[in-house]
Amino acid sequence: MNEHFRIAQKLGLMFRPEETLPTDIKRWAIKQLQFPSPSLGIGNVGSDIKPWPKIFQPSLDEKAVKLRIHWETTKRERKKEGGFTEAAQRANDRDNLMYKKDILRFSHRNVYGSDQLRLRLMTFWANHFTIGSFDSREVIGHAMEEAILANFNDSFSTMLYKVTTHPGMLSYLDNHISAGPNSNQVRWAKANGEQAGLNDNLGRELLELHTVSPSANYTETDIRNAAKVLAGWGIDIKGNPLSSLMEQGGTTNLWDMYKRNWAEPGNKMVLGKTIGTGKGGLKQLTDFLAAHEHTVMHLSTKLAEHFVSDVPNKKDVNYIASAWRQSNGNLDQIHTAVIERAFASKEPKFQLPMTWLFQVLRLSNATYFMGWNEINTSNNSLKFNMQPMQIFDELGQNLWAERQPNGYSSKKEEWMSGEMFERRIRFADSIWTSDSQIQSTSVIMDRIGASKETRKLVESLHGMSSRSKKNQFIALMCSPELMGLENA
C-alpha cells in the first residue's frame, strides 16, 4: 500500500475516488486537526453530496423539548381506552425522537466527509467516554459533536469537563439521581419515607476509565469522594418543564444543571487533592485528574494502541506522553504526536469493524446508507436494506448501543474470531450487491498501491462472470492488507 493510503488507513478513513491526493501527506494529516467539520450526506440514494439540513441538527434544548413532547404524548395516549395505536406510536417516534437521524448523520459524515482524520479521532474519544443506553441515546450524537469534536483544538481538561457534565453521561451513569449523604435532598427523603442517596457509578468510571486508571492505586474512599463531588449534577431532561429546571438548578441550561439541594457540603479529598465545596469543585477535580501522570500514561497508551500499532513500543507511548506534558494537555499537540508516531511506525494497525466498513465504502464509492429523506421508509434500491442501528449491531460495534463502560477494545484479539471475519465477508458481499456503480477492484488496487500478496489473492479469483467480480471485491476488502493485519 502506498504511503498516502497507509496513513489514511491508520489515521483516517481512506480517500474517496473524487478526492485529490495531497502532495505532502504528513502536512495534510496535521492540517486535518484544524479542518472544518461540516455534516455532509445525501438526501436520497443517488442524490448529490451536500450539507445535512439544519432541521435534522437540533440543539440540546430542542432535543429536550422533543423528548418532553414524546413523553407527554406517550402518557396521554396510554390513558385512553385501547391505549396507543401502532400508527400513533410510529408518528410520535418519527416526529420527536432524533437518535435514528443522529446515527445516520454520523454514518454519512464518515462516508462522505472530507475531515476523515478528525472523524476517526472523534470515534476514538466517543468510545473512550462511553455513553450508551436507552435513556441517553437521544443525546449521544450531541455529546460526540459538542462535547468531543468541538473541543479538539482545546485541552483534554476542557473535553473531560464537558463530557463529564454532559446530560448524556450524567444520565447514562445515573448521576442525575445521585445525592450527597448529607444533602438537603437526603434529609428531606428520610423525613418523608423516600429513598435518596449517593450513586458512585460516574465517580468510579471517572477514575477507572476516563482518567488515571487503576494504576493510580486509588481507594474506594477516593471513588466515594469523587462521587460526592459529582452529587447534584444532572437532571432527567425529558420529564422536566422549564419552570422545574429553574426551581431545581436555577437555570434552564441542561448542560450546566447543578442541584444545590442534592450536593454534598464541605471539601472532599481525592487522591490526596483537596477539592473545594460547591459547583466549582467538579472543575477542580477534572483539571486535577486531566493533568495527573497516570492519566497521561493511560491515555497515551490507548492512543498508541488505536492509531500506531497493535502492540506499541515504549518509544511510541513516551513520545505522545511527552507532548502531553509539554503542552499541558493541549489536544492539538497530543494528536500531532499521535500522527508523527503513526508515520514513524511501519507496524500494521488492525482496523475495527466500523472503521473498516467506512473505509470500504469510501474506497469503493458504494452507496450503502439510505438518505436522510428515507430514514422512515423502505428503500428497495438498497438490496441490503438495514437501518444504521442494525448495521452497527450486526458489525458488533455500535456507539449507540448499551455496552460495557470501558467501550470497545482496540486489541485485534478481541475481533479475530471466525464469526467476526464471516460478518465482514457478508458485509462486503452486500456492499457489492447494493451498488452497480461501485469501483472495480483493479482500479482500487492501482490507486492504493496494493501489495503483491493482495493482488495475487484477488487475481486468483479472476473470471468474466459477475460472481467472479464479486468474489474479487470480497477478497480485496477482506484481505489482510485492507483489514490492517499485514505490513503495508
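**Exercise 1. Work out how much surface the protein exposes, and what share carbon and sulfur atoms supply.**

Solution. The exposed surface comes to about 20700 Å², with 49% of it supplied by carbon and sulfur atoms. Keep in mind that this is a predicted model. Turning to burial, 57% of the 488 residues are buried.

**Exercise 2. Find out whether the radius of gyration agrees or disagrees with that of a compact globule.**

Solution. Start with the chain length: for 488 residues, a compact globule would have a radius of gyration near 23 Å. Next, take the value for the protein, 24 Å, which agrees. For the extents, the C-alpha atoms fill a box of roughly 80 × 65 × 40 Å along the principal axes. Inside that box, the protein has 24 helices and four strands.

**Exercise 3. Identify the residues with the most contacts inside the largest nonpolar core, then list the neighbours of Trp125.**

Solution. The largest nonpolar core holds 137 residues, and Trp125 and Leu357 have the most contacts inside it. Now set aside residues up to four places away in sequence: Trp125 touches Ile148, Phe152, Phe156, Met159, Leu299, Leu303, Leu331 and His335.

**Exercise 4. Decide whether His294 is buried, partly exposed or exposed, and place it in the fold.**

Solution. First locate the residue: His294 sits in helix α15, residues 293–307. Then check its relative accessibility: His294 has 28%, so it counts as partly exposed, since buried means under 20% and exposed over 50%. Finally, leaving out neighbours within four places in sequence, His294 contacts Thr211, Val212, Ser215 and Ala216.

Definitions and conventions:
Residues numbered from 1 in each chain as written. Predicted model: local features only at pLDDT ≥ 70, side-chain atom pairs only at ≥ 80, totals over all residues. Heavy atoms only, no water. Helix = DSSP H or I, 4+ residues; strand = E, 2+ residues; numbered from the N terminus. Rg over C-alpha atoms; globule rule 2.2 N^0.38 Å. Buried < 20%, exposed > 50% of the residue type's maximum accessible area, 1.4 Å probe, protein only. Areas by Shrake-Rupley, 256 points an atom, 1.4 Å probe, with all protein chains shown as cover. Core = buried A, V, L, I, M, F, W, Y, C linked by side-chain atoms within 4.5 Å. Contact = heavy atoms within 4.5 Å.
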